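Me: Could you take a close look at one helix in this structure and walk me through how its two sides are used? A few words on other parts would be welcome afterwards.

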Amino acid sequence: MLLRHTPTEITERTALTINPAKTCQPIGAMYAALGVHGCLPHSHGSQGCCAYHRSALTRHYKEPISATTSSFTEGASVFGGQANMLQAINNIFTVYNPEVIAIHTTCLSETIGDDLPQMKKKAHAEGTIPEGKYVISASTPSYAGSHVTGFSNMVKSMAEMAEPKGKKNGKVNIIPGWVEPCDMEEIKRLTAIIGVKTILFPDTSGVLNGPLSGEYKMFPDGGTTVAELQSTGDSLGTLALGEWCSADAARTLDTKHKVPCSILDMPFGLMATDRFIDALRTIAGVTIPEEIAYERGQLVDMISDMHQYLYGKKVALVGDPDQLIAMTEFLVSMDMKPIHIVTGTPGNKFEKRIKEITKDMGCEVNVRAKGDMFLLHQWIKNEPVDLIIGNTYCKYIARDEDIPYVRWGFPILDRQGHQYFPTVGYKGGLRLLEKILGVLLDRKDRDDSETKFELVL
Ligand code: SF4
């Protein structure tokens, strides 16, 4: 009963968040930056922020996360962090020699008004940025938005690296959004089967899910290269997966370099994957390859085989907007009832979209953007659910209320597998469904009377 003080009665709160359903912007910026080959994320602020952001990512990905910091002390906090930044850029290129430094700000450097573009200009003017090396930056104040906003801002700064040569490269940009490294691998596998040449950015596959080789590489082999990022301006088009994570970058390429973009949902579940595959098929001008149709058929088969155990089950969801939109659609398509949905990321569009997806579900849905997990717990107390899907922090609610629970999203701090087993695409749909059925049927086996306890389900 760790959350035993959560009251059932709901009081509207405007000035207090309890158990946030989000984390800080720089964590998203840092994760995105790790998806560029040879990139070192740099935190422009105090050491404590950087240490927290690195440890948050290490705990989820179970990999060492390299990042540097401007190491603000009292002086920088009062007089500004420019001197620290210029020194840092010089030190980083001298000591670590990355291809790119990806700078993000923190609450402190934003509050004192440090101007990153001006500092970059000064570093260029002073010759601190070596020939052929790059410094990109994103403004990521944590008192606005969430880790999703920080991710989006850094991906947008990658799109700003485009340097079109005026000759189409025959490729399609795919911006996958904040998904696991294995999900990025799966997206590349699907595009290769369909026969579409792509530039995927960012791409953390091979960076945060690599093998233990006995040799430490500060810059692992994976990641989108600078040459690829520069070439995004010559691509045939951009598919941005997720409005919150990827759309800003796609629109930047569209506006600046006339690379047309389509904003799709993240390909979680049957219907969102269908739309993604159809978009790729249209671009490639091919019919759906047999291999893809086979995988789709397997997912449909599993849904229809096990539908009786899914039908009408009430679900509570917590996570990030792009993921939750696709997951809600997946659950509704299987006749499940996602009735309580919370994200910590702001955006009224999220609530509107969820209401559209759930409008024919035949019951009321509680949905809140910029909400918290305390509210989710209160909703569950008022109307219990059969299943919770969300990050590791849900384990407290699941334990207190004795509810089956599937870990999915960010962060997952107490289990393994999320880096290696994708949940995007049809194969990912099978994985999600297997996890959902696993906990629901475990509960059934536990609760059934002896006369109803069945060997075959
Ligand atoms: S001060 Fe701001 S950027 Fe730093 S850890 Fe706290 S919320 Fe995140």
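**A close look at helix 6**

Reply: Happy to! Before anything else, by class, the shell around the ligand in this predicted model has five nonpolar, two polar and no charged residues. That shell is made up of C24, P26, C49, Y52, T106, C107 and S142.

Now to the helix itself. Helix 6 spans residues 116–125, and its buried residues are L116, M119, K120 and A123. Around the axis they cover an arc of only 100 degrees, which puts them on the same side of helix 6. The general background is handy here: an α-helix has 3.6 residues a turn, so residues three or four places apart point the same way.

What do the buried residues of helix 6 pack against? Their partners are strand 1 (39–44), helix 4 (82–95), strand 3 (100–105) and strand 4 (134–138). On the face turned away from the buried side, helix 6 carries the exposed residues P117, Q118, K121, H124 and A125. Just after helix 6 comes G127, with a positive phi of about 75 degrees.

For the other parts, here is a helix pair. Helix 8 (residues 181–194) packs with helix 17 (residues 425–447) at an angle of about 140 degrees, and their axes are 9 Å apart. That angle makes helix 8 oblique to helix 17. Helix 8 brings D183, E186 and L190 to the contact, while helix 17 brings G425, K427 and G428. Sorted by class, the residues of this contact between helix 8 and helix 17 are one nonpolar, two polar and three charged.

Technical notes:
Residues are numbered from 1 along each chain as its sequence is written. This is a predicted model: local features need pLDDT of at least 70, side-chain atom pairs count only at pLDDT 80 or more; totals for chains, interfaces and linings use all residues. A residue is buried if 20 or more other C-beta atoms lie within 10 Å of its own, exposed if 12 or fewer, and partly exposed in between; C-beta atoms are placed from the backbone. Helices (H or I, at least four residues) and strands (E, at least two) are DSSP runs, numbered from the N terminus. The arc is that of the directions from the helix axis to the C-beta atoms. Two residues are in contact if their C-beta atoms, placed from the backbone, lie within 7 Å. A residue is near a molecule or strand if its C-beta atom, placed from the backbone, lies within 6 Å of it. Ala, Val, Leu, Ile, Met, Phe, Trp, Tyr, Cys and Pro count as nonpolar, Asp, Glu, Lys and Arg as charged, and the others, Gly among them, as polar. Axes are lines fitted to C-alpha atoms, for helices over the stretch in contact, and angles run from 0 to 180 degrees between N-to-C directions. Angles under 35 degrees count as roughly parallel, over 145 as roughly antiparallel, 65 to 115 as roughly perpendicular and the rest as oblique.
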